[in-house]
Structures are given as C-alpha cells and as structure tokens.
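Me: I have a structure open and would like to walk through it with you. Could you keep the answers plain, since I am new to this?

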Amino acid sequence: MMVIMQKNGVAVKDDSTGISYRRLDLAAALAHVFAATPPSNAIQFSEHLIAKDYAYAYGIAAADIDEDGDVDLTSADYTPHNILYLFENDSTGKFR
Ligand SMILES: [Ca+2]
Ligand SMILES: [Ca+2]
C-alpha cells in the first residue's frame, strides 16, 4: 500500500492548516496493481490457507498490530465459534 501511495498518490496541501498529505489516485492505483506487465516492485498476491476449521468470516483487517514492522491480520468468524482472531505475521508472510 505504501508503494502504491508513493507512486500514485497526489500531493495535497490543506491551506487552512498547512498540513500536506497524499490522496490516493484510485484509477492510477488500480492500473498499477493490475498492470499487464507488473513493474518489478508491484504488489503480488497469492492464496494461502492461514486457518482451518474457520467458520464464515465477517471481515478481515490488516495492520501492524504488534508494531514489529510487518502486516498482521485480524478477523472474526461466525457461529459456532464467534471468535476474534489475530494472525501474527512471522515476517516471512506466514501467519500463526
Ligand atoms: Ca506485525
Ligand atoms: Ca511479525
């Protein structure tokens, strides 16, 4: 996400506060992610099973929850479990 924002973000300055930030150019970001010939730094996705016996997921969120520099996942599933899960990234992209 950081790479996408750096390459496709549009610099914006709020004159009332003097704060500068980057706004995502969604069309440019989608073109970046789904490029026919991905750039060498393009984000790559592949499917991985990170939990079995998991019921229907209500959603999933990604953030560096333990602040160790990699992205962790959290999710909650439906009955019969009704559990909030934390999947900690082992820094190689595997979750436990
Ligand atoms: Ca982390
Ligand atoms: Ca980690």
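Me: Which residue is the bridge partner of A62 in β4?
Reply: In this predicted model, the residue of β4 that bridges to A62 is L73.

Me: And what about G59, which residue in β4 is its bridge partner?
Reply: G59 has A76 as its bridge partner in β4. Taken as a whole, β3 and β4, the latter covering residues 72-77, pair in the antiparallel sense over six bridges.

Me: What is the bridge partner of A76 in β5?
Reply: On that side A76 is bridged to L84 of β5, and β4 and β5, which run antiparallel, are joined by four bridges.

Me: How are β4 and β5 connected along the chain, and which residue in the turn has a positive phi?
Reply: The two strands form a hairpin with six residues between them, and in the turn N82 has a positive phi of about 55 degrees.

Me: In what order do the three strands sit in the sheet?
Reply: The order is β3-β4-β5, in an open sheet with antiparallel pairing. β3 (57-63) and β5 (84-87) stand at the edges with a single partner strand each, so one side of each has no neighbour in the sheet. From one strand to the next, the twist averages 20 degrees.

Me: What holds paired strands together in general?
Reply: Strands of a sheet pair through backbone hydrogen bonds, and the pairing can be either parallel or antiparallel.

Me: Switching topic, how many bridges join β1 to β2?
Reply: There are six bridges between β1 and β2 (residues 19-24), and the two strands run antiparallel. One of the pairs is V12 with Y21, the latter lying in β2. The two strands form a hairpin with four residues between them, and G18 in the turn has a positive phi of about 80 degrees.

Me: How many residues of β1 are buried?
Reply: The count is zero among the six residues of β1 (residues 9-14), so this strand is hardly covered, given that a residue needs 20 or more other C-beta atoms within 10 Å to be called buried.

Me: Where does K7 lie?
Reply: K7 lies in helix α1, which covers residues 2-8. K7 is partly exposed, because 14 other C-beta atoms lie within 10 Å, a count between the limits of 12 for exposed and 20 for buried. The C-alpha atoms of K7 and G18 are separated by 23 Å, and the two residues are 11 residues apart along the chain.

Me: Last one, which domains is the protein divided into?
Reply: The division is into domain 1 (2-33) and domain 2 (46-96), whose C-alpha centres lie 28 Å apart.

Terms used:
Residues are numbered from 1 along each chain as its sequence is written. Chains are lettered from A and ligands numbered from 1 in the order in which they are written. This is a predicted model: local features need pLDDT of at least 70, side-chain atom pairs count only at pLDDT 80 or more; totals for chains, interfaces and linings use all residues. Domain bounds come from an automatic or database domain assignment. Two strands pair if DSSP finds at least two bridges between them. Axes are lines fitted to C-alpha atoms, for helices over the stretch in contact, and angles run from 0 to 180 degrees between N-to-C directions.
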